[in-house]
Amino acid sequence: MAVAINRDLEPLTPHRPVLLLSVLNGAIVVTGQILPHLHFPLLLDSVQVSRYGSEVAGGVLQWRLHPRESVRGTVVLLLDDILDEGVTLKALQEYCLREGAAAVHTAVMVRKQRSRSVDVRVDYVALDVPDRFVFGYGLDARGLGRNAPGIFALPEDV
Ligand SMILES: O=P(O)(O)OC[C@H]1O[C@H](OP(=O)(O)OP(=O)(O)O)[C@H](O)[C@@H]1O
Ligand code: HPA
């Protein structure tokens with residue numbers, strides 16, 4: 001994923017760094033893993049939003065932390081752990097464009113193979129996974145499991 005992002009974003013950064021927005025909490029591991037592999041000037045900032053909390057079904061998107069860096073006029077790279085229903089990434093893309101981003105690129109560590117009612121564009125995907133609730137590598141299941149050293153599925157009847 002880093003190779004593809006470098007290929008596309010490096011040419012855009014001679015004058016102004018890319019703003020990498022890490023979508024916390026889930027993106028904490030993939031952010032740390034990918035950062036040393038990105039070879040262009042960037043500012044790192046984060047947003048914190050949540051719609052699952054301690055559940056395994058999504059609800060209303062709650063904002064917990066807005067970016068400190070200004071999004072206006074910047075090329076933004078949104079980095080999240082998972083694309084599931086797509087509600088979170090879509091809302092963050094719209095937020096960045098409303099705030100005046102020059103362009104918004106999107107990357108996820110994991111894309112769940114499922115149908116989506118939300119029309120969301122994702123530019124970079126590291127891994128496709130089956131339509132199961134997954135945890136590990138930053139992903140939680142009811143708040144736990146973010147520290148699991150791989151990506152695992154919950155048993156189907158849990
Ligand atoms: O595509 P969607 O169905 O919107 O789901 C994806 C979002 O859900 C998870 O966040 P969560 O709300 O669990 O917060 P977290 O990042 O703190 O785990 C995950 O980190 C994504 O941001
Ligand atoms: O499968 C998932 N696992 C963890 N968090 C999530 N948020 C949306 N889907 C998932």
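Modeller: Before we begin, a residue counts as near a molecule or strand if its C-beta atom, placed from the backbone, lies within 6 Å of it. This is a predicted model, in which local features need pLDDT of at least 70, side-chain atom pairs count only at pLDDT 80 or more, and totals for chains, interfaces and linings use all residues. Residues are numbered from 1 along each chain as its sequence is written, while chains are lettered from A and ligands numbered from 1 in the order in which they are written.

Colleague: Which residues come nearest to ligand 1?

Modeller: Ligand 1 has 17 residues around it. Those that come nearest are G26, Y52, D84, E85 and T88.

Colleague: Which element gives the most to the shell around ligand 1?

Modeller: Helices (H or I, at least four residues) and strands (E, at least two) are DSSP runs, numbered from the N terminus. Both β4 (75-83) and α3 (87-98) supply at least two residues of this shell. With four residues, the element that gives the most is β4.

Colleague: How many charged residues are in the shell around ligand 2?

Modeller: Asp, Glu, Lys and Arg count as charged, Ala, Val, Leu, Ile, Met, Phe, Trp, Tyr, Cys and Pro as nonpolar, and the others, Gly among them, as polar. The residues around ligand 2 are Y52, I82, D84, F133, V134, F135, L139 and D140. Six of the shell are nonpolar and none is polar, and the number of charged residues is two.

Colleague: What does K112 count as, buried, exposed or partly exposed?

Modeller: K112 is found in strand β5, and its contacts (C-beta atoms, placed from the backbone, within 7 Å) include I82, L83, D84, V129 and D131. A residue is buried if 20 or more other C-beta atoms, placed from the backbone, lie within 10 Å of its own, exposed if 12 or fewer, and partly exposed in between. Because K112 has 18 C-beta neighbours inside 10 Å, it counts as partly exposed.

Colleague: Which element gives the most to the largest nonpolar core?

Modeller: A nonpolar core is a set of buried Ala, Val, Leu, Ile, Met, Phe, Trp, Tyr and Cys residues joined through C-beta atoms within 7 Å. The largest one has 36 residues, and those with the most contacts inside it include V76, L77, L78, L79 and C96. Among the elements that each supply at least two residues of this core are α1 (2-9), β1 (18-24) and β2 (42-50). With seven residues, the element that gives the most is β4.

Terms used. Contact = placed C-beta atoms within 7 Å. Lists of a residue's contacts leave out its neighbours within four places in sequence.
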